[in-house]
Amino acid sequence: MKYYINESIRNTERIYPMQGRYGYYRYDMNENPEGLPKDFVKEVLSEITPAFLATYPEQDRFLESYAGFVGQGLKKENILPTNGSDMAIRYLLETFGERGKEVVTVSPSFEMYRIHCSLLGLRHVPVSYEKDLTVDMQKMIGAIGKNTRVVVLLNPNNPVGNVYTRQELEQVVDRAHEVGAVVVIDEAYHYFYGETFLEYALRKDNVIVLRTFSKLMSLAACRLGVLISNPEVVGYVRKLRPSFEVNAVALLFAERLLNRPEIIQELIRTEKEGKHYILTALKQHGYWCRDCTGNYIFVKPNHNAHVVAEKLEKEKRILVHPYNNELLQDFIRVSVGSCTAMQFFLEAFLEVDRD
């Protein structure tokens, strides 16, 4: 018996994340290698009672906490929590994309933008990086045309780590407005960079900012993302989202963390200290490396990047991220943590990449 299969789904190629990562030292997916303070985790876990688990999640307390934490005039009507920012991407493309029309991104970038375009029958228009790992903004703006429905800027971008100026952003937003497109600004790594374009999401009718609790906030296991825009945009996307999409454990951990800003500041300080340590040490050993602005760096090994990554995995149980992309094939991406975590990586890396 033949049955119907959506052609967009049938024709989409997926590469799934590695399984069996528990027990490894994880420097491959931009997680915090060490996680949140154990005492804090224990304290929050003590609130998870049988009654808590038996109750459907409510998001309003989290929304109030998040609005207060961010400030800048943010209100709960501007915020929509989602099951990771990955689902926010899906909802935005479903809401504002049009089958057969275009979604413009830089390339390479976070792979789920391309995948969701493929699944939804949208035409992905990638604007390639230059050989010096910069973005030609005139090419980016030139790619936005009458068939464009969504434009995406990751600031900083994963994996390359470039950032955009306000002038560049405004040019993109204005051009998108001319053709009736929305602009998605993905700020998954903005805490490590220190700058934000949040104000544009609050005062422009076609701008949306995405954030995540998986990176700095170290809650990747809980799956919590945030979409921020004007109430009209948020209202449209909310219609698409399931009633109880974000789980209560994620909301509880996030709310308690937002109420402990000193922990967040310590996470930022620790990452900055660790990044300074590893970049300085690698350069002292003669390596070319790049500060990618987020909580990750690029390193160019002396030997084949894939071989080095494989040796780190098999001999040291350390996971890093190599690339097949021609532009990035000589590099490995390494997640950044504390000085202790980076010293552990450095010693293993120097051993497997020795001449």
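This is a stop-by-stop tour of a predicted model, with a selection to make at each stop.

**Stop 1: strand β3 and its neighbours**

Select residues 102-107, which make up strand β3. Of these 6 residues, 5 are buried, so colouring by accessibility should show a mostly covered strand. Next add residues 123-128, strand β4. The two strands run parallel and are paired over 6 bridges. To find the register, pick Glu 102 and look for Arg 123, its bridge partner in β4. Now show residues 111-120 as well: this is helix α6, through which the chain passes on its way from β3 to β4. The β-α-β crossover made this way is right-handed.

Then select residues 148-154, strand β5. β5 is also parallel to β3, and 3 bridges join them. Go back to Glu 102: in β5, the residue opposite is Thr 148.

**Stop 2: the loop between β5 and α8**

Follow the chain out of β5 and select Asn 155 with Pro 156. A cis peptide bond joins them, with omega at about -5°. Pro 156 lies in the loop that leads from β5 to α8. Move on to Asn 158 and Pro 159, which are also joined by a cis peptide bond, here with omega at about 20°. Pro 159 is likewise in the loop between β5 and α8.

**Stop 3: helix α8**

Select residues 166-179 to bring up helix α8. A distance between its end C-alpha atoms comes out at 20 Å, which agrees with the 20 Å expected for 14 residues at 1.5 Å a residue.

Which residues of α8 are buried? Show the side chains of Leu 169, Val 172, Val 173, Ala 176 and Val 179. Turn the view to look down the helix axis: these buried residues fall within an arc of 130°, so they line one face of α8. Gln 167 and Glu 178, on the other side, are exposed.

To see what the buried residues pack against, add α7 (137-142), β5, β6 (182-186), α10 (198-203) and β7 (207-212). Finish at Gly 180, which follows α8 and has a positive phi, near 75°.

**Stop 4: the antiparallel sheet**

Here 4 strands form an open sheet with antiparallel pairing, in the order β9-β10-β13-β12. Select 288-291 for β9 and 321-322 for β12: these are the edge strands, each paired on one side only. Then add β10, residues 296-300, which is antiparallel to β9 and joined to it by 4 bridges. Cys 289 has Val 299 in β10 as its bridge partner.

Between β9 and β10 is a loop that contains Thr 293. Its phi is positive, near 75°, although the residue is not a glycine. Thr 293 is buried, with a relative accessible area of 17%.

**Stop 5: the cysteines**

How many disulfides does a search of the whole structure find? The count is 0. Return to Cys 289 and display its sulfur: the closest cysteine sulfur belongs to Cys 292, 9.6 Å away, which is too far for a bond. Cys 289 is buried, at 11% relative accessible area. Cys 222 is buried too, at 14%.

**Stop 6: Arg 317**

Last, select Arg 317, in the loop between α14 (305-316) and β11 (318-319). Its phi is near 55°, again a positive value in a residue other than glycine. Is Arg 317 buried or partly exposed? Its relative accessible area is 38%, which makes it partly exposed.

Definitions and conventions:
Residues are numbered from 1 along each chain as its sequence is written. This is a predicted model: local features need pLDDT of at least 70, side-chain atom pairs count only at pLDDT 80 or more; totals for chains, interfaces and linings use all residues. Side-chain values use heavy atoms; hydrogens and water are left out. Buried means under 20% relative accessible area, exposed over 50%, partly exposed in between (1.4 Å probe, protein chains only). Two strands pair if DSSP finds at least two bridges between them. A crossover is right-handed if, with the strands pointing away from the viewer, the path from the first strand over the helix to the second runs clockwise. The expected span of a helix is 1.5 Å times one less than its number of residues. The arc is that of the directions from the helix axis to the C-beta atoms. Contact means heavy atoms within 4.5 Å. A disulfide is a pair of cysteine sulfur atoms within 2.5 Å.
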